[in-house]
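Here are some short exercises to work through with the model open beside you. Try each task before reading its solution.

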Amino acid sequence: MATTFKAIADFSDCFKAAKKMPKGVPEGIVVHSTGANNPNLKRYVNAPDICGVNPNKNYFGGENSNDVTPHGVVGKDKNGEVKAAQILPYDICCWGCGSGKNGSYNYDPAYIQFEIAEDGLTDKTYFEQAFDIMAKVCAELIGQYPSIKLENVVSHKEANKRGYASAHGDPENWLSKFGRDMDWFRDKVRIYLNADGVPEKLYRVQVGAFKNRQNAENCLAEAKKKGFDGFIVEVEK
C-alpha cells in the first residue's frame, strides 16, 4: 500500500502464532489511539532507520512489551513526519481490541486494526495529519479488500458497543477534543473513495487455483518473494 511502509514485527508472539483470519480476508477495520502522550513511532514500531532507535525495546511485540500487537501504527518518524507503518500481515489475526459480550474483532469476524499514536491531545496540526493518514490507509485497505465495507470502519469504542472489544473509549477521547467524531472520520475515508463510497476500479490477477492447500501456500510464498501482496481464499466447488 502506498501510504504505509512495512516494518513487520516477525519477532512478536502474535506474528509467530500466525492465526489466519477465518474467511481469509478482513471484514472491517478498528481504529485505536494509544492513550499515551508519545506520538513517536519508535515507541511502537521497531524500524530504527525510519523511526529511530527505541533502546527500551517496548515497541509492539518487543521483548519488553505486553502482548498487544495491531496490524499497524500511525505516528511521527525520526524526522517528525507523520507516517503509517504496517507491522503485521493483513491476513492474520492481530492482538488489538480484546473481547466483548459477542466475541472479538481480533478473531471472528477478524478486523484489521491500527493504532494512532497520541500526543498531549492539544496539537491540532498533528491531529489532522494523523487522522488524514489513517483515512488514506483505510481507503486503500477498502480498495485492496472488497470484504471491508465503510460502515465497518469503527473505533475501539464502537467495537465495544457492538460487543466485539473491551471497554475502551478511543479514539473518541481524542476526536472530541477537536469537536470531531467517527462519522467525521468515515467521511474523510469516503473522500478518498468515489462519490458513492465504492473504491475505484481495481484489476485483480489470479495466479492459480489449487486442490492442495500446500501448493497454494507455496505459490503465494513465491509471489510474495517477488514483492506482490496476496492472500488465499477458500471456495466451494
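**Exercise 1. Find the polar contact at the start of α6.**
Solution: Begin at D181, where a side-chain oxygen reaches to within 3.2 Å of the backbone nitrogen of D183. A polar contact is a pair of N or O atoms within 3.5 Å, one able to donate a hydrogen and the other to accept it; residues adjacent in sequence count only if both atoms are side-chain atoms. This is a predicted model, in which local features need pLDDT of at least 70 and side-chain atom pairs pLDDT 80 or more, while totals for chains, interfaces and linings use all residues. Residues are numbered from 1 along each chain as its sequence is written, and side-chain values use heavy atoms, without hydrogens and water.

**Exercise 2. Which residues of α6 are buried?**
Solution: Helix α6 (a DSSP run of H or I, at least four residues) spans residues 182-191. Its buried residues (under 20% relative accessible area, 1.4 Å probe, protein chains only) are M182, W184, F185, R186, K188 and V189. Among their packing partners are β2 (29-33) and α3 (124-144).

**Exercise 3. How do α3 and α6 cross?**
Solution: The axes, lines fitted to C-alpha atoms over the stretch in contact, come within 8 Å and cross at roughly 60°. The two helices are therefore oblique to each other, meaning neither under 35, over 145 nor 65 to 115 degrees. On α6, the contact (heavy atoms within 4.5 Å) is made by W184, F185, K188 and V189.

Terms used
Buried < 20%, exposed > 50% of the residue type's maximum accessible area, 1.4 Å probe, protein only. Axes fitted to C-alpha atoms, helices over the stretch in contact; angles between N-to-C directions.
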